[in-house]
Amino acid sequence: MHMESDEIVIESAVKLSSDQLDKIKLDVQEKLKVDLPVVNKLNTKLIGGFTIRVNDWFLDSSLVRQIEFIKRTLLE
Amino acid sequence: MEQLGIEPLQLITQILNFAVLVFFLNKYLYKPILNTLETRKKKIQEGLQYADKMKVKEEENAKKMQDLINLAKAEGRKIIDQSKKDAKDVEAEIIAKSHKEAQSIVAKGRQEIELERSEMERQLKVKTVELAQKWVTAVLDNALNEKNQMSIINKKIQDLSKLKNYSS
């Protein structure tokens, strides 16, 4: 997988440790085949967990998404 | 005869006169009168026959008229009966139609009530879930401390690493 991007943007409700960022970066590099710097941005709206954005690719692993998923399931 | 004062000549004359009188009377008076009487009698008989004939005809006409009246009455009764039957049929049809319309209105009303109830239930469910979402969000927002946050993030990083690729 080849992508044109400057950085791996990780948003989280609290600041991640360098160890956590390294683990995520390693995982993204391995699966998306990209070698980019990691940036951690704070977003308290996520409540917990984190999101990863690399150019157009996006992964949502936040608690807000989980709550939204539960809400949709209940409404279906 | 002379002793009785009767003159034979005079008697004969009288007889002749009487005979002549009878002859003339018979010829010029009795016969025409008799003929007239006969003719009149004949006319009267004809008139009576005609009257009888007319009476029979009148009776026939009266009978025909009565038959016609009876027929007209029967036709009239038939028409009235048919009209009554038609009216009853129309009445029954109107009642059936009204009943059907009433049932349709009731069914439609029930359907609308059911739809409204379903919509209200749906809205209530949406509101309840939205409220629960806000409540859960607020509770988590306040309850999660630094340690919990880190624990969640570590768990999610661990979950990510278990995936062969991100699409799975």
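**Entry 1: the two chains**

Which pattern does chain A follow when read along the sequence? I traced chain A and wrote down β-α-β-β-β-α. A reminder to myself before going on: this is a predicted model.

I then counted elements. Chain A has 2 helices and 4 strands, whereas chain B has 2 helices and 0 strands.

Burial came next. In chain A, 22% of the 76 residues are buried. For chain B I noted 3% of its 168 residues.

I also looked at how contacts in chain A span the sequence. Taking contacts between residues at least 6 apart, I found that 60% join residues at least 24 apart.

**Entry 2: where the chains meet**

How many residues of each chain are in contact with the other chain? I found 20 residues of chain A in contact with 20 residues of chain B. On the chain A side, at least two residues each come from helix 1 (18-32), strand 3 (49-54), strand 4 (57-62) and helix 2 (63-75). Sorted by class, that side of chain A holds 11 nonpolar, 5 polar and 4 charged residues.

**Entry 3: helix 1 of chain A with helix 2 of chain B**

Today I followed one helix pair across the two chains. The axes of helix 1 of chain A and helix 2 of chain B (residues 146-162) come within 10 Å, and they cross at roughly 20 degrees. Are these two helices roughly parallel or antiparallel to each other? An angle under 35 degrees counts as roughly parallel, so helix 1 of chain A and helix 2 of chain B are roughly parallel. I noted the crossing as left-handed.

Next I listed who makes the contact. Helix 1 of chain A brings Gln20(A), Lys23(A), Ile24(A) and Asp27(A). Helix 2 of chain B brings Ile153(B), Asn154(B), Ile157(B), Leu160(B) and Ser161(B). By class, this contact has 4 nonpolar, 3 polar and 2 charged residues.

**Entry 4: helix 2 of chain A with helix 1 of chain B**

I turned to another pair. Helix 2 of chain A packs with helix 1 of chain B (residues 8-143) at an angle of about 160 degrees, with the axes 10 Å apart. Angles over 145 degrees count as roughly antiparallel, so helix 2 of chain A is roughly antiparallel to helix 1 of chain B. The crossing here is right-handed.

From helix 2 of chain A, I noted Leu63(A), Ile67(A), Lys71(A), Leu74(A) and Leu75(A) in the contact. From helix 1 of chain B, I noted Lys125(B), Val126(B), Val129(B), Gln133(B), Val136(B), Thr137(B) and Leu140(B). These residues divide into 8 nonpolar, 2 polar and 2 charged.

**Entry 5: the nonpolar core**

Which residues make up the largest nonpolar core? I counted 12 residues in all. From chain A they are Ile8(A), Ile10(A), Leu16(A), Ile24(A), Val28(A), Leu32(A), Phe50(A), Ile52(A) and Val54(A). Chain B adds Ile152(B), Ile153(B) and Ile157(B). Strand 1 (8-12), helix 1 and strand 3 of chain A each give two or more residues to this core, as does helix 2 of chain B.

Ile153(B) caught my eye, as it belongs to this core and also to the contact with helix 1 of chain A. Leaving out residues up to four places away in sequence, I found that Ile153(B) touches Ser12(A), Leu16(A), Gln20(A), Gly49(A) and Phe50(A).

**Entry 6: two positive phi values**

Last, I checked two loop residues of chain A. Lys33(A) has a phi near 55 degrees, a positive value in a residue other than glycine. I placed Lys33(A) in the loop between helix 1 and strand 2 (38-42). Ile47(A) also has a positive phi, near 65 degrees, and sits in the loop between strand 2 and strand 3.

Is Lys33(A) buried or exposed? Lys33(A) counts as exposed because it has 10 C-beta neighbours inside 10 Å. Ile47(A), by contrast, is buried, with 22 other C-beta atoms within 10 Å.

Terms used: Residues are numbered from 1 along each chain as its sequence is written. Chains are lettered from A and ligands numbered from 1 in the order in which they are written. This is a predicted model: local features need pLDDT of at least 70, side-chain atom pairs count only at pLDDT 80 or more; totals for chains, interfaces and linings use all residues. Two residues are in contact if their C-beta atoms, placed from the backbone, lie within 7 Å. Ala, Val, Leu, Ile, Met, Phe, Trp, Tyr, Cys and Pro count as nonpolar, Asp, Glu, Lys and Arg as charged, and the others, Gly among them, as polar. Axes are lines fitted to C-alpha atoms, for helices over the stretch in contact, and angles run from 0 to 180 degrees between N-to-C directions. Angles under 35 degrees count as roughly parallel, over 145 as roughly antiparallel, 65 to 115 as roughly perpendicular and the rest as oblique. A crossing is left-handed if the near helix is turned anticlockwise from the far one by less than a right angle, and right-handed if clockwise. A nonpolar core is a set of buried Ala, Val, Leu, Ile, Met, Phe, Trp, Tyr and Cys residues joined through C-beta atoms within 7 Å. A residue is buried if 20 or more other C-beta atoms lie within 10 Å of its own, exposed if 12 or fewer, and partly exposed in between; C-beta atoms are placed from the backbone.
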